[in-house]
Amino acid sequence: MDIKYETIKRSELEQLQLERLQVTINRVYRNVKFYRSLLDKANIAPEDITSLDDLKKIPFTTKESLIENQPYDMFALPLRDVVRLQSSSGTTREPIVVGYSRNDIEHWTELVARVLNSGGVNKDDVVQISFDYGLFTGAIGFHYGAEYIGATVIPSSRISAEKQINIMRNYRTTALVCTPTFALQLADIVKKSDISPAELSLRVALIGSEPWSEPVRLEIEEGLHILALDNYGLSEIIGPGVSCECQEKNGLHIAEDHFIAEVINPDTEELLPDGEVGELVLTTITKEAFPVIRYRTGDLTSLDRSKCICGRTLARMSRVAKRTDDLVIVQGVKIQPALIGQILTEIEGTEPHFRLRVDRSGAKDELEVRVEVSENIFFDEIRRMDALHEEIQKRLEEALGFFVRVKLVEPNSIQRLNDSE
Ligand SMILES: [Zn+2]
């Protein structure tokens, strides 16, 4: 445990947060046009932030704003001081490019080390990382964190579940990093095969990047004979390491020395008291390359600042159950990506994986929907592809009431929700 920060007294934490917030506000005001005009319009000067309460005066930052300022306009450092680019998964929306300075990477690594430590993982462990490597923050974030604490890392990435089980058995993996869906898949294979979970050395799984529930936890823990702990993060904030469960399994401790958390009513934007469920809003207070102020995460949770049995004093957030509606606005019409998903599942030959892109360059906004096609159709004759294309376009236009550009793409070509977004 990082005693200095994870068990810090609240009064000291608040003093630290204020100092770091002031530095961050100064940095974004000087270097990010978006924030300078946001603060100017709200009539706030950086020196007006003299208490943590003053943060409430600053308007929210939304995912829309990040998308509009792609790729680099939200960066508070020039690219020559940025040592890494990653991006959000963009499951149903455009991915957002984020950048890290050398210090950002160092902080991120320490934060992921906390996630591993709270699961009891240390240098004696063999950590298998079954997240997709690449632009998404999950895999590489954990990779750095696990190496930092001296554990032995297996970057198994996205090879098949059967092969992952073999690696796990042969290399005696003790800690697994993956999504809940993947952990369930592994448990299922173990159940159906002649492998007994006792043959595996696996002890703990650090699970994240998708919302999951207590019944799923039970299934994973019983299926693999392990402890399964939740962790939370999103690329726009830093990646994994924003918060994680301790072994009490009673909420995820937020790294409040790096992030200020608030919960609001997503409809009225009113601040909610601790214990009430609303949308999580995060402000980064140590990020140099890509700081965000009052970012609306779209994730629903509640806060608990009471002391935890584990000794950590950092506030806990309840497990994220579901996201608030991630609306896309096209030609003034609010569209819920879930509706498009629903229409697509009704059309034979399509996979439920799709991505929306809004082109605002012309006189009218144009919505492009990329749809993954089932394996058997994609390699089939062109005529069937054309018919499918036409059907999707017709069904979407009927539902939405305007022209939609449809693009059919290969199976598995759209990135899965494999990130902490
Ligand atoms: Zn705890």
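Me: Where along the chain is Pro71 found?

Reply: Pro71 is in the loop between helix H4 (63-68) and strand S1 (84-87), where helices (H or I, at least four residues) and strands (E, at least two) are DSSP runs, numbered from the N terminus. This is a predicted model, in which local features need pLDDT of at least 70 and side-chain atom pairs count only at pLDDT 80 or more, while totals for chains, interfaces and linings use all residues. Residues are numbered from 1 along each chain as its sequence is written, and side-chain values use heavy atoms, with hydrogens and water left out.

Me: Is the peptide bond from Gln70 to Pro71 cis or trans?

Reply: Most peptide bonds are trans, and most residues other than glycine have a negative phi. The bond from Gln70 to Pro71, however, is cis, with omega near -5 degrees.

Me: Which residue that is not a glycine has a positive phi of about 55 degrees, and is Arg172 buried or exposed?

Reply: Arg172 has this positive phi of about 55 degrees, and its place is in the loop between helix H7 (161-170) and strand S5 (175-178). To judge burial, we call a residue buried under 20% relative accessible area, exposed over 50% and partly exposed in between (1.4 Å probe, protein chains only). Arg172 therefore counts as exposed, because its relative accessibility is 57%. Ser209, also not a glycine, has a positive phi of about 80 degrees, but Ser209 is buried, with a relative accessible area of 9%.

Me: Which residues of helix H9 are buried?

Reply: An α-helix has 3.6 residues a turn, so residues three or four places apart point the same way. In H9 (residues 214-224), the buried residues are Val216, Arg217, Ile220, Glu221 and Leu224. Seen down the axis of H9, these buried residues fall within an arc of 130 degrees, so they line one face of the helix; the arc is that of the directions from the helix axis to the C-beta atoms. On the other side of H9, Pro215, Glu219 and Glu222 are exposed, and H9 is followed by His225, whose positive phi is near 55 degrees.

Me: Which residues coordinate the zinc ion?

Reply: Donors are N, O and S atoms within 2.8 Å of the metal (3.2 Å for Na, K and Ca), and sites may look incomplete because water is not among the atoms. Here the zinc ion is coordinated at 2.1 to 2.3 Å by Cys246 (SG), His253 (NE2), Cys308 (SG) and Cys310 (SG). The arrangement is tetrahedral because the four donor atoms subtend angles of 104 to 115 degrees, and four donors count as tetrahedral if all angles lie between 85 and 135 degrees. Distant parts of the chain are linked by Cys246 and Cys308, which are 62 residues apart, and both of these residues are buried.

Me: Which residues touch the most other members of the largest nonpolar core?

Reply: A nonpolar core is a set of buried Ala, Val, Leu, Ile, Met, Phe, Trp, Tyr and Cys residues joined through side-chain atoms within 4.5 Å. In the largest one, of 68 residues, Tyr35, Ile58 and Phe142 touch the most other members, and helix H5 (residues 102-118) gives the largest share of this core, seven residues. Apart from this core lies another, of 24 residues, among them Leu367, Val369, Ile377 and Ile392.

Key: Tetrahedral: all angles 85-135°; square planar, octahedral: opposite > 155°, others 65-115°.
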